[in-house]
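Open the model in your viewer and follow along. We go from the fold to the core, then out to the surface.

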Amino acid sequence: MKAVVFAYHNVGVRCLKVLLARGVEVALVVTHEDNPQETIWFESVASLCRQHGIPTAAPDNPATPELLAQVAALAPDLIFSFYYRHMLPLNLLALAKHGAFNMHGSLLPKYRGRVPINWAVLHGETETGATLHEMAAKPDAGCIVAQTSVPILPDDTAYEVFGKVVVAAEQTLWNALPAMLAGNTPKMPNNLTQGSYFGGRKPADGEIDWSQPAQQVYNLYRAVAPPYPGAWTIAKGRTFVIGKASFPANLAADALVNLPQGLAVVDNHIVGVCGDGRALLINQLLANDKAVAPEALKNILL
């Protein structure tokens with residue numbers, strides 16, 4: 001079997017390694033140029049391809065006639081998309097004789113669309129996973145081939161959950177490939193009425209609304225904690241980002257009485273007081289990427 005692979009990020013690296021380990025001929029990998037404005041904390045698909053002598057391309061738009069002609073000339077049996085950031089046009093998908101498949105970071109049909117892990121953590125889910133599915137005109141809407149679930153523990157950040165989902169993606173593809181390569185790809189229904197679609201997130205979406213209950217504020221922190229842009233707030237005209245936090249905070253309720261919502265210093269600890277009268281214990285608070293000590297914050301808040 002010959003494949004053309006669209007791939008980026010850690011999921012792209014691990015799933016590409018699975019294809020190679022299963023003996024798939026990878027004729028071309030289409031990836032992205034790293035964005036210099038983005039924090040690159042993940043592995044490089046392009047680097048892996050150089051190690052294995054696999055040809056690569058990195059067009060700004062995968063819907064170009066040039067890329068379509070290049071893929072058509074390769075006559076792939078399969079097309080895969082592993083955390084590639086663009087939708088692939090239907091005329092390109094149709095070039096795969098045995099189908100085109102995507103690895104998505106949720107248990108479809110839940111959390112279709114962008115950054116599904118961050119959204120799952122934000123909404124307080126206790127489980128997510130990886131789903132291999134057939135690509136269609138709508139995002140994450142094709143038949144399901146296989147899925148693997150992972151737990152989201154109460155204190156897991158999105159970064160920690162992402163690590164689990166990478167392993168789940170690897171397992172899902174490894175287990176599904178033998179049947180796929182034999183021409184017996186399983187196809188289960190992907191009932192979109194049972195799920196939901198979410199768009200992308202921007203750093204501005206990490207602003208904290210301290211009037212919300214503490215659990216919701218904590219979920220926001222977990223969903224965007226570094227290496228993502230982080231949950232942030234403005235106090236006395238300065239922007240602060242939560243680097244590390246815990247909840248529930250081990251603070252006596254009377255210590256929070258009469259404190260306004262937002263950042264505060266209690267018993268030499270930085271806390272975030274929320275709308276339900278409860279608080280996050282902020283173990284690391286950052287300003288301009290530098291840690292802020294409780295005494296320094298106290299002086300700022302005066």
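Start with a cartoon of the whole chain. It has eight helices and 15 strands. Keep in mind that this is a predicted model. Turn the chain along its principal axes: the C-alpha atoms fill a box of roughly 70 × 35 × 30 Å.

Now draw the contacts. Take those in the chain with a separation of 6 or more: 69% of them join residues 24 or more positions apart.

Next, colour by burial. Of the chain's 302 residues, 48% count as buried.

Go inside. The largest nonpolar core has 72 residues. Select V5, F80, F82 and L173, the residues with the most contacts inside this core. Then select residues 158–181, which form helix α6. This helix gives the core its largest share, 11 residues.

Centre on F80. Which residues does F80 touch, leaving aside those up to four places away in sequence? Show them as sticks: A3, V4, V5, F6, L19, F101, M135, L173, L177 and M180.

Apart from the largest core lies another one, of 15 residues. To find this second site, select F6, L28, V30 and A96, which are among its members.

Finish on the outside. Switch on the surface of the chain. Its accessible area comes to about 14,200 Å². Carbon and sulfur atoms hold 51% of that area.

Last, select the charges. The chain carries 22 positive and 24 negative ones. How far apart are the mean positions of the two sets? They lie 2 Å apart.

Methods:
Residues are numbered from 1 along each chain as its sequence is written. This is a predicted model: local features need pLDDT of at least 70, side-chain atom pairs count only at pLDDT 80 or more; totals for chains, interfaces and linings use all residues. Side-chain values use heavy atoms; hydrogens and water are left out. A nonpolar core is a set of buried Ala, Val, Leu, Ile, Met, Phe, Trp, Tyr and Cys residues joined through side-chain atoms within 4.5 Å. Buried means under 20% relative accessible area, exposed over 50%, partly exposed in between (1.4 Å probe, protein chains only). Helices (H or I, at least four residues) and strands (E, at least two) are DSSP runs, numbered from the N terminus. Contact means heavy atoms within 4.5 Å. Accessible areas come from the Shrake-Rupley method with a 1.4 Å probe; for residues, only the protein chains shown count as cover. Lys and Arg count as positive and Asp and Glu as negative; His and the chain ends are not counted. The place of a charge is taken as NZ of Lys, CZ of Arg, CG of Asp or CD of Glu.
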